[in-house]
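This report goes through one protein chain, residue by residue and element by element. Please look over the sequence and the structure before reading on.

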Amino acid sequence: GAEKIELETVYRCTQIICDAAIDVIKNNTLTEIPHLKSDKKDGEPIVIAELPTQTHEIFYIADQIKALIKDGANPEDISILYHKNNEAGEIQQILEK
């Protein structure tokens, strides 16, 4: 059979992100829980915001991104993860305004 190679060291994310990913993966009983580790120990805490609608979420994301850029963040260093492809267009429209 094929040899299984486990990639456990993450070079781009902080340990905070790796730990959060593991917490999410733990909820899937069909998936083996990975042992992720990062050389980057520090990092910003993860912010969880529960908002009433998808529109509220998109405006919240846009406001957060605008604040980051105003504080000197490079726009190329900002990423948005979304659940459905159709959300990308809505997010883009709001950010372009």
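C13 is partly exposed, because its relative accessible area is 29%; buried means under 20% relative accessible area, exposed over 50%, and partly exposed in between, with a 1.4 Å probe and protein chains only. C18, by contrast, counts as buried because its relative accessibility is 3%. This is a predicted model, in which local features need pLDDT of at least 70 and side-chain atom pairs count only at pLDDT 80 or more, while totals for chains, interfaces and linings use all residues. Residues are numbered from 1 along each chain as its sequence is written, and side-chain values use heavy atoms, with hydrogens and water left out.

How many disulfides does the structure hold? The structure holds zero disulfides, a disulfide being a pair of cysteine sulfur atoms within 2.5 Å. The closest cysteine sulfur to that of C13 belongs to C18 and lies 5.7 Å away, which is why there is no bond: the distance is too far. Seen from C18, the closest cysteine sulfur is that of C13, again at 5.7 Å and too far for a bond.

Next come the strands. Helices (H or I, at least four residues) and strands (E, at least two) are DSSP runs, numbered from the N terminus. Strand β1 covers residues 9-14 and strand β2 residues 37-40, and the two pair in the parallel sense over three bridges; strands pair if DSSP finds at least two bridges between them. One of the residue pairs sets T9 opposite K37 in β2. Between the two strands the chain passes through helix α1, residues 15-25, in a β-α-β crossover that is right-handed. Right-handed here means that, with the strands pointing away from the viewer, the path from the first strand over the helix to the second runs clockwise. T14 has K40 in β2 as its bridge partner.

S38 is a residue of strand β2. S38 counts as buried because its relative accessibility is 1%. A polar atom of the S38 side chain lies 2.4 Å from the backbone oxygen of C13; a polar contact is a pair of N or O atoms within 3.5 Å, where within protein one must be able to donate a hydrogen and the other to accept it, and residues adjacent in sequence count only if both atoms are side-chain atoms. Apart from neighbours within four places in sequence, S38 is in contact with V10, C13, T14, Q15 and C18, contact meaning heavy atoms within 4.5 Å.

Helix α1 includes Q15 and also I22. The side chain of Q15 reaches the backbone oxygen of L36 at 3.3 Å. With neighbours within four places in sequence left aside, Q15 is in contact with L36, K37, S38, K40 and K41. I22 touches I33, P34 and L36, again not counting residues up to four places away in sequence. The C-alpha atoms of I22 and L36 are separated by 7.6 Å, and these residues are 14 residues apart along the chain.

Is N27 buried or exposed? N27 is in the loop between α1 and β2, and it counts as exposed because its relative accessibility is 66%. N27 and L81 are 54 residues apart in sequence and 19 Å apart in space, C-alpha to C-alpha.

E87 belongs to helix α3. Leaving out residues up to four places away in sequence, E87 touches Q54 and Y82. The C-alpha atoms of E87 and A20 are 23 Å apart, with these positions 67 residues apart along the chain.

The table lists the accessibility of three buried residues.

| Residue | Relative accessible area | Class |
|---|---|---|
| Q15 | 15% | buried |
| I22 | 13% | buried |
| E87 | 14% | buried |

Last comes the confidence of the prediction. pLDDT is the predictor's confidence in each residue, from 0 to 100. The chain has a mean pLDDT of 87, and 100% of its residues reach 70 or more. Among the elements of the chain, helix α2 (residues 54-70) has the highest mean pLDDT, 91, and helix α3 (residues 86-96) the lowest, 82. Where pLDDT is low, the predicted coordinates should not be read in detail.
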